[in-house]
Amino acid sequence: MKLHFCGAAESVTGSCHLLRISPADAPTGGADVNILLDCGQFQGSASQDAQNYEPFPFDPAEVDFLILSHAHIDHCGRIPLLVKRGFSGRIFCTDATADLLPIMLRDSAHIHEMEAEWKSKKNERAGKPPVQPLYTMADAEAALPYVSPVLYGQLAEPVPGVKFVFNDAGHILGSAIIELFVGEGASEKKLVFTGDLGAAGRPLLNDPTTIKRADYVIMETTYGDRVHEGNEESLKSLADIIEKTKKRGGAVIIPSFAVGRTQELLYELDKYAQDTGRGLLEGLAVYVDSPMASAATEAFRENSQDFDEEAKRRMLAGDDPLDFPGLAFTKSTEESKALNLDPAPKIIISASGMCEAGRIRHHLKHHLWDPKASIVFVGYQAEGTLGRRLIEGAQTVKLFDEEIAVRAEICNLQGFSAHADRDGLLAWVRGFKAPPEALFLVHGEEASKRAFAATVEEATGIRPFVVERMVEVDLGEGPPAAPAGTPPAGSKVDPEDAEDLARRIGGVKDNLDDLLYAARMRIAEEADRAGRAGDAEGARAAEEKYAALKNVLVSLEKDTMQLARQLAEKDKDADKASVGE
Ligand SMILES: [Zn+2]
Ligand SMILES: [Zn+2]
């Protein structure tokens with residue numbers, strides 16, 4: 001089994017690793033199996049951008065399937081190119097990632113097309129040939145039919161002897177830690193790929209799953225050398241800024257990534273307001289001004305099965321955790337422009353997060369000069385971006401060919417990070433019950449990887465392998481087949497796992513109890529409303545809702561019976577075993 005690091009090796013972006021499995025490693029049917037883990041875009045400097053155009057260090061047509069950790073562009077951004085260059089296997093990802101992926105890839109294609117158009121015009125004036133986009137909208141669309149969603153915790157076996165499971169990584173909705181099993185029985189080997197790991201205690205999302213055993217681990221180290229402020233402190237600061245700006249009669253402008261950060265902010269703002277008696281958002285309109293953020297919010301709603309317990313509880317009590325009084329999603333550019341004509345105090349959340357493109361630039365133009373306004377940064381601002389210049393205290397900035405004075409209050413909140421910090425990463429490594437054979441550190445600047453390697457070695461005795469170049473490593477020839485007469489290896493299901501399964505069934509039962517209560521109230525209420533004369537539209541809406549509810553219920557009934565059948569089957573096996581003895 002060979003592992004080739006094809007990206008996120010020299011820097012943070014371009015996550016891409018190729019696993020080559022030979023028939024000696026698994027009963028694959030005689031041929032090599034090539035599995036790609038992520039296919040991300042390189043981002044940042046011009047030289048990193050140039051890497052995107054280079055050939056893949058493998059033949060895309062030879063890749064059997066792709067397992068995608070999550071929908072961030074540095075993990076999925078080169079998928080359209082992979083397909084364009086010959087890949088035709090399945091793209092496995094979680095349900096939520098499957099819903100977020102089209103939004104991300106279409107946006108990325110749009111940016112590539114715009115950039116190419118702009119550069120081509122420039123080249124034309126200089127008498128140079130036009131520039132081709134990295135990929136087009138049509139390329140992005142062509143990649144989407146290969147997507148094949150798998151739920152968290154479900155074991156999938158795309159080829160004989162190769163299985164995988166997605167575990168929640170708590171980084172963005174749908175993000176997964178991938179457990180990959182190669183081979184069978186005593187010679188089975190397990191590779192774990194973290195994708196990106198989230199911080200514990202994030203809003204809406206679960207904490208990253210602890211993995212107890214692995215032979216090989218590929219781990220991210222974005223913040224391997226840093227400890228960041230907690231979410232709670234940043235939220236408190238945000239609330240203070242909102243209060244202050246509201247008193248001044250100004251607008252709060254929040255540049256935010258459209259997917260993930262925006263939805264988490266909405267959830268947190270609402271929760272904070274509820275917990276503190278609604279005062280914070282009283283009389284304040286909150287606008288999400290980004291078509292991409294609106295689409296992503298819809299994808300979040302569709303995948304509420306992945307929310308954390310707290311958010312699920314609120315949903316079961318009948319509250320939409322991504323909606324609150326005063327919240328509006330703008331659609332047209334006209335609506336967006338109208339926001340800046342209305343002088344009432346408000347919050348505008350808009351993209352892009354680093355202020356390099358999108359509607360946020362219009363809002364900055366209209367508010368940066370205003371000493372009553374506040375601009376609040378809630379995410380990382382890369383070198384060379386407008387966001388970075390603002391947090392570094394620029395006195396004036398240029399927007400749409402106009403010099404704008406910076407008089408608004410600029411705040412930079414760092415506690416909303418989507419990545420685990422050094423302590424979070426170390427806590428995750430400590431989750432292993434036995435040290436893995438090899439721990440590979442990727443997805444970090446060199447200093448961060450080295451510092452984290454030292455931290456891990458000191459704390460656990462494990463000596464990680466710092467990946468610095470796009471190298472290929474041999475994961476061993478695979479252990480020899482077990483000689484005849486060797487007793488089979490013991491079960492890999494530990495009592496704690498069984499306990500966990502029982503706890504989750506209990507959780508489903510509790511949720512159903514809550515639902516039963518809500519359903520009794522709601523169905524009676526709606527039937528009553530629809531029954532009133534003259535409300536034909538209301539009656540139709542109630543009918544549609546009833547049909548949708550019934551569809552979900554029918555599949556729930558089927559799944560419940562499947563669960564019962566599986567448990568019964570296990571009993572049968574046990575009976576057989578005891579009869580045999
Ligand atoms: Zn990510
Ligand atoms: Zn990443």
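Visitor: In which sense do β7 and β8 pair, and over how many bridges?

Guide: Before that, keep in mind that this is a predicted model. Now the general idea: strands of a sheet pair through backbone hydrogen bonds, either parallel or antiparallel. Here β7 and β8 pair in the antiparallel sense, over two bridges. You can find the pairing by looking for Val 159, which stands opposite Val 162 in β8.

Visitor: What sits between the strands in that hairpin?

Guide: Two residues lie between β7 and β8, and Gly 161 takes a positive phi near 85° in this hairpin.

Visitor: Which strand pairs with β8 over seven bridges?

Guide: That's β9, residues 176-182, and the sense is antiparallel. To line the two up, start from Phe 164, whose bridge partner in β9 is Leu 180.

Visitor: Is β8 largely enclosed or largely open, and why?

Guide: Count the buried residues. In β8, which covers residues 162-168, five of the seven are buried, so the strand is largely enclosed by the rest of the structure.

Visitor: What is the order of strands in the open sheet?

Guide: Read across it as β7-β8-β9-β10-β11-β20-β21. That gives seven strands, with mixed pairing.

Visitor: Which strands stand at the edges?

Guide: β7 (156-159) and β21 (465-466) do. Each has a single partner strand, so one side of each is left without a neighbour in the sheet.

Visitor: Where can I see a parallel pair?

Guide: Try β10, residues 189-193, alongside β11, residues 216-220. They pair in the parallel sense over three bridges. Phe 193 is a handy marker, standing opposite Ile 218 in β11.

Visitor: And how do β17 and β18 pair?

Guide: Those strands, residues 396-399 and 402-405, pair in the antiparallel sense over four bridges. Leu 399 has Glu 402 of β18 as its bridge partner. Their hairpin has two residues between the strands, and Phe 400 takes a positive phi near 50° there.

Visitor: On to helices. At what angle do α4 and α8 pack?

Guide: For a helix pair, look at the angle and the distance between the axes. Helix α4 (residues 95-125) packs against α8 at about 170°, with the axes 9 Å apart. That makes the two roughly antiparallel.

Visitor: Which residues make the contact?

Guide: From α4 come Ala 96, Asp 99, Leu 100, Ile 103 and Asp 107; from α8 come Met 292, Ala 295, Ala 296, Ala 299 and Glu 302. By class, this contact has seven nonpolar, no polar and three charged residues.

Visitor: What about the angle between α13 and α14?

Guide: Helix α13 (residues 422-429) and helix α14 (residues 446-460) pack at about 45°, with axes 11 Å apart. They are therefore oblique to each other. Their crossing is right-handed. The contact residues include Leu 425 and Leu 426 of α13, along with Phe 452 and Val 456 of α14. By class, the contact divides into six nonpolar, two polar and one charged.

Visitor: Where is the place of Asn 303?

Guide: Look in the loop between α8 (291-302) and α9 (309-316). Asn 303 has 18 C-beta neighbours inside 10 Å, so it counts as partly exposed.

Visitor: What does Asn 303 touch, leaving out residues up to four places away in sequence?

Guide: Asn 303 touches Asp 95, Ala 96, Asp 99, Leu 173 and Gly 174. Of these, Ala 96 and Asp 99 are also among the α4 residues in the contact with α8.

Notes. Residues numbered from 1 in each chain as written. Chains lettered and ligands numbered in written order. Predicted model: local features only at pLDDT ≥ 70, side-chain atom pairs only at ≥ 80, totals over all residues. Axes fitted to C-alpha atoms, helices over the stretch in contact; angles between N-to-C directions. Parallel < 35°, antiparallel > 145°, perpendicular 65-115°, else oblique. Left-handed = near helix turned anticlockwise from the far one by under 90°. Contact = placed C-beta atoms within 7 Å. Nonpolar A, V, L, I, M, F, W, Y, C, P; charged D, E, K, R; others polar. Pairing = 2+ DSSP bridges. Buried ≥ 20, exposed ≤ 12 C-beta atoms within 10 Å, placed from the backbone.
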